[in-house]
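Reader: I should be grateful for a close look at a single part of this protein. Please take one residue as the point of departure and work outward from there to its surroundings.

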Amino acid sequence: MKITQNRLIFITSLFFVIFYNLSFFSNTIKAYPLSFSNAGFLISLIIVLWAVIVFVLELLSYKRTIKPLLIFLLFASSFAAYFMDAYGVIIDDGMLINALQTNAEESLGLFSFKLVLYILFLGILPAIFVYKVKINYQSIKKELIAKMIA
């Protein structure tokens with residue numbers, strides 16, 4: 001399968017919105033229950049989140065950086081999604097510092113079968129897709145035009 005860099009970013013961004021933000025959306029629905037009056041807000045929230053992710057990835061991605069960047073983000077996000085969903089934590093800079101200061105014994109206490117599933121289905125399998133997909137790179141001029149349109 002051969003796709004453009006922009007299409008890969010669009011697909012991956014949609015994957016991020018749908019699968020890595022379950023805690024965010026469940027908490028949002030608690031505050032804004034599913035109803036006709038909230039439908040516009042909830043739909044626009046999904047679209048804006050997707051657009052922001054696309055925008056950031058478009059800024060950071062180039063011919064040689066797109067696949068490593070996406071693979072890294074998929075793995076990091078699979079861990080983050082697990083801890084947000086399993087423990088209800090918010091990932092911030094303090095949380096990242098604490099994670100880096102954790103020793104091996106504490107880390108082993110956090111591992112579970114559910115974590116393995118998250119890493120497999122939200123990290124490894126999507127990363128394999130990104131790694132194997134063939135990107136149809138365009139000239140620099142066409143890439144820049146496509147990025148501006150996206």
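Author: Tyr82 counts as buried, because its relative accessibility is 3%, where the cut-off for that class is under 20%. This value, like the others below, comes from a predicted model. The ring of Tyr82 takes part in an edge-to-face pair with the ring of Tyr118, since the two centres are 5.5 Å apart and the planes stand at 75°. Tyr118 is buried, as is Tyr82. The two residues belong to separate helices, Tyr82 to α4 and Tyr118 to α7 (residues 113-132), so their pair ties together parts that are 36 residues apart in sequence.

The aromatic pairs of the protein come to ten in number. Tyr82 has a further partner among them in Phe83: the ring centres lie 5.0 Å apart and the planes meet at 75°, so this pair is also edge-to-face. Elsewhere, Phe15, Phe16, Phe19 and Tyr20 make up one aromatic cluster. Two residues of that cluster, Phe16 and Tyr20, reappear below in the description of a pocket.

The helix that carries Tyr82 deserves a description of its own. Helix α4 runs over residues 66-87, 22 residues in total, and its first and last C-alpha atoms are 31 Å apart, close to the 32 Å expected at 1.5 Å a residue. Its buried residues are Ile66, Leu69, Leu70, Leu74, Ser77, Ser78, Ala81, Tyr82 and Phe83. An α-helix makes a turn every 3.6 residues, so residues three or four places apart point the same way. After the helix comes Gly88, with a positive phi near 70°.

Several of these buried positions belong to a wider assembly. In soluble globular proteins, nonpolar side chains tend to be buried together. Here the largest nonpolar core holds 24 residues, and those with the most contacts inside it are Leu8, Tyr20, Leu57, Ile66 and Leu70. At least two residues of this core come from each of α1 (5-19), α3, α4 and α7. The greatest contribution is that of α4, which gives seven residues. Ile66 and Leu70 are thus named twice, as buried residues of α4 and as residues with the most contacts inside the core.

Helix α4 also borders open space. The second largest pocket encloses about 320 Å³, and 14 residues line it, with Phe16, Tyr20, Ile53, Leu73 and Ser77 nearest its centre. Two or more lining residues come from α3 (36-60) and from α4. The largest share is that of α4, with six residues. In class, the lining comprises twelve nonpolar and two polar residues, with no charged residue.

The other helix named for this pocket, α3, has 25 residues; at 1.5 Å a residue these should span 36 Å, which agrees with the 37 Å between its end C-alpha atoms. Buried in α3 are Asn38, Leu42, Ile53, Val54, Leu57 and Glu58. Of these, Ile53 is one of the residues nearest the pocket centre, whereas Leu57 is among those with the most contacts inside the largest nonpolar core. Leu49 lies in α3 as well, but it counts as partly exposed because its relative accessibility is 22%. From Leu49 to Ala39 the distance is 15 Å, C-alpha to C-alpha, over a separation of ten residues in sequence.

On the side of α7, the helix of Tyr118, there is a partly exposed residue to note. Ile128 is placed in helix α7 and falls in that class because its relative accessibility is 42%. The C-alpha atoms of Ile128 and Ile71 are 8.3 Å apart, although the two residues are 57 residues apart in sequence.

Finally, the whole protein gives the setting for Tyr82. Its secondary structure consists of eight helices and two strands, arranged along the sequence as β-α-α-α-α-α-α-α-β-α. The C-alpha trace spans about 50 × 45 × 30 Å along its principal axes. Of the 150 residues, 29% are buried, and Tyr82 is one of the buried residues.

Methods
Residues numbered from 1 in each chain as written. Predicted model: local features only at pLDDT ≥ 70, side-chain atom pairs only at ≥ 80, totals over all residues. Heavy atoms only, no water. Helix = DSSP H or I, 4+ residues; strand = E, 2+ residues; numbered from the N terminus. Expected span 1.5 Å × (residues − 1). Buried < 20%, exposed > 50% of the residue type's maximum accessible area, 1.4 Å probe, protein only. 1 Å grid on protein atoms, 1.4 Å probe; cavity = no way out; pocket = protein on both sides within 12 Å on 5 of 7 lines; lining within 4 Å. Points joined across faces, edges and corners; volume = space filled by probe spheres on them. Nonpolar A, V, L, I, M, F, W, Y, C, P; charged D, E, K, R; others polar. Phe/Tyr/Trp six-rings, centres within 6.5 Å; stacked < 30°, edge-to-face > 60°. Core = buried A, V, L, I, M, F, W, Y, C linked by side-chain atoms within 4.5 Å.
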